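Work through the exercises below with the sequence and the model in view, and try each task before reading its solution.

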Amino acid sequence: MILPHRYNYPESFQQRSLHTLDTALQTAIAYQPWQELDPGPGVSLDQRYDALPELSKQMIRDHFPWGLVPNHRDVREGLLSEAIEYTFTSGTTGDRVVNIWDQDWWDRSEASAWQLNAHLAKLTYPQREAKLASSLNVGISCEEDLPLSSRLVGNRLYLNEKINMVQWMPRHYRRMAEELQLFKPVIIETNPSLLAHLAYWALDEGVKLFTPRVIVFTYEFISQIHLAPIRKLFSCPLISSYGTTETGFVLEECEAGHLHQNLPFCRIDFYPLKDRYGGPELGRMLVTTFDNPWNTVIRFDTGDLIRLYPTGICSCGRSEGMIVQRIEGRLTNSTFTTKGELVTTWDVDQALATLEGLRDYHMEQQTENLYQLEIMLAPGAGDLLQETGIILQNLYGHDARFDIRVVEQILPGPAGKFRRTQTNFAVDWGSLFA
């Protein structure tokens, strides 16, 4: 399954797909070995894409900086003219990548994605925006506290300069609340986990937080547990925006709650899991970007699992491109029941979200039937260990064993993002696909 027939793709999309593929194969150094794998114009365009490998982060590293540059452009010239710069992804040591960054293309991709949500589409691009994220993901990084003037860049205020959220002291929470009231952003763009912890503090302290026109979630998996305090504190629309440093803005949540493909800027090839693991509706996506003058990204695996929306009709009225019901977390963050069935991060999150008083969690599967879970509780939440164990046994199997511990703080990973679930034994992830 490459491009499901339930979705509508205009002729202009097919033309972009063809132009991007031919440009990459003919002019970008990294893709030249792919030419012999391309069956050529005698087959359908989908078959041509399907015959090619995926673009890996290792391949990007191996061919940096010239390999993905199309049409024989001069990288040195681009850097000198400031048309481009180099940027690092926020991955762990093993998957950090240096990319060529074209700010103009990124902004155009984001502005296009805004049109997929009625609340964002009403706004002119760009807007006054407050960003709340790990400084490893975005913004200005400093171990010392920086004044507002040092974190204000154009119309964007970076609320956090710390690499790790555990560095936040009460003064940082107060400062963020005060700066939101002072700056009055139209948009808050944020890691949902970081905004949730600011919301927990505000609820505990009885502090009201300034409400923007919209809140846009990005950078990480959105936990239902974290949505609860955010909804209590903010009355504005909450919008999920999905993309990567390599691919720009791929999917945007509409006002009906579904994720729509940013059709002018990307192609998505979908590959389902085997039925026993959640297919054919659950699978991975390989993303190809359009019209980036400095980067030809072909069939890049974002690493996340998506669940397709069952029809090509959304109540928002948008009818073109792929529609995704939800993002279920990274494939390699999935776990398994004692019978070997796949459990996505979304599955675990939905189950644990029923626990009143749970504020955060981290679970690791150690063996086929042994699981370790850390949970962070609200003040006065009481003893949730037995109830948590029952919920997890219903999910993983009655022969599953759980080591559950209450902790003061859940720590983010090396990239500043939270890895909610993971499997600590070797898995052949490729064997899970149809």
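**Exercise 1. Find the residues that join helix α11 to helix α12, and describe how the two helices cross.**

Step one is to locate the contact: Asp347, Val348, Ala351 and Leu352 of α11 meet Thr388, Ile391, Leu392, Leu395 and Tyr396 of α12. Sorted by class, the residues of this contact of α11 with α12 are seven nonpolar, one polar and one charged. Since the model is a predicted one, these contacts should be read as features of a prediction.

Step two is to look at the axes, which for α11 (residues 345-352) and α12 (residues 385-396) come within 10 Å and cross at roughly 145 degrees. The crossing in which α11 passes α12 is right-handed.

**Exercise 2. Determine how helix α9 is placed against helix α8.**

Begin with the geometry: α8 (residues 170-183) and α9 pack at an angle of about 95 degrees, and their axes are 10 Å apart. Angles of 65 to 115 degrees count as roughly perpendicular, and therefore α8 is roughly perpendicular to α9.

Next, list the residues that touch, which are Tyr173, Arg174, Met176, Ala177 and Leu180 in α8, and His197, Leu198 and Trp201 in α9. Divided by class, the contact of α8 with α9 consists of six nonpolar residues, one polar and one charged.

**Exercise 3. Carry out the same analysis for α9 and helix α10.**

First, note that the axes of α9 (residues 192-205) and α10 (residues 224-233) come within 8 Å and cross at roughly 55 degrees. This angle is the reason why α9 is described as oblique to α10. The crossing of α9 over α10 is left-handed.

Then identify the two sides of the contact. From α9 come Pro192, Ser193, Leu195, Ala196, His197, Ala199, Tyr200, Ala202 and Leu203, while α10 supplies Ile225, His226, Pro229, Ile230, Lys232 and Leu233. The residues of this contact of α9 with α10 comprise 11 nonpolar, three polar and one charged.

**Exercise 4. Describe the second largest pocket and say which element gives the most to its lining.**

Start with the volume, which is about 330 Å³ for the second largest pocket. Its lining is made up of 15 residues, and those that lie nearest the centre of the pocket are Ala228, Lys232, Glu356, Gly357 and Leu358.

Now turn to the elements: α9, α10 and β17 (358-365) are those that give two or more residues to the lining of the second largest pocket. With five residues, α10 gives the most to that lining. As for class, the lining of the second largest pocket holds nine nonpolar, three polar and three charged residues.

**Exercise 5. Locate two cis peptide bonds and a positive phi value, and place each in its loop.**

Consider tyrosine 125 and proline 126, which are joined by a cis peptide bond with omega of about -5 degrees. Proline 126 belongs to the loop between α6 (118-121) and β3 (129-132).

Move on to glycine 279 and proline 280, where a cis peptide bond has omega of about 5 degrees. The loop that holds proline 280 runs between β11 (266-272) and β12 (282-289).

Finally, examine asparagine 71, a residue other than glycine whose phi is positive, near 55 degrees. Asparagine 71 sits in the loop between α3 (57-62) and α4 (75-80).

Technical notes: Residues numbered from 1 in each chain as written. Predicted model: local features only at pLDDT ≥ 70, side-chain atom pairs only at ≥ 80, totals over all residues. Heavy atoms only, no water. Axes fitted to C-alpha atoms, helices over the stretch in contact; angles between N-to-C directions. Helix = DSSP H or I, 4+ residues; strand = E, 2+ residues; numbered from the N terminus. Parallel < 35°, antiparallel > 145°, perpendicular 65-115°, else oblique. Left-handed = near helix turned anticlockwise from the far one by under 90°. Contact = heavy atoms within 4.5 Å. Nonpolar A, V, L, I, M, F, W, Y, C, P; charged D, E, K, R; others polar. 1 Å grid on protein atoms, 1.4 Å probe; cavity = no way out; pocket = protein on both sides within 12 Å on 5 of 7 lines; lining within 4 Å. Points joined across faces, edges and corners; volume = space filled by probe spheres on them.
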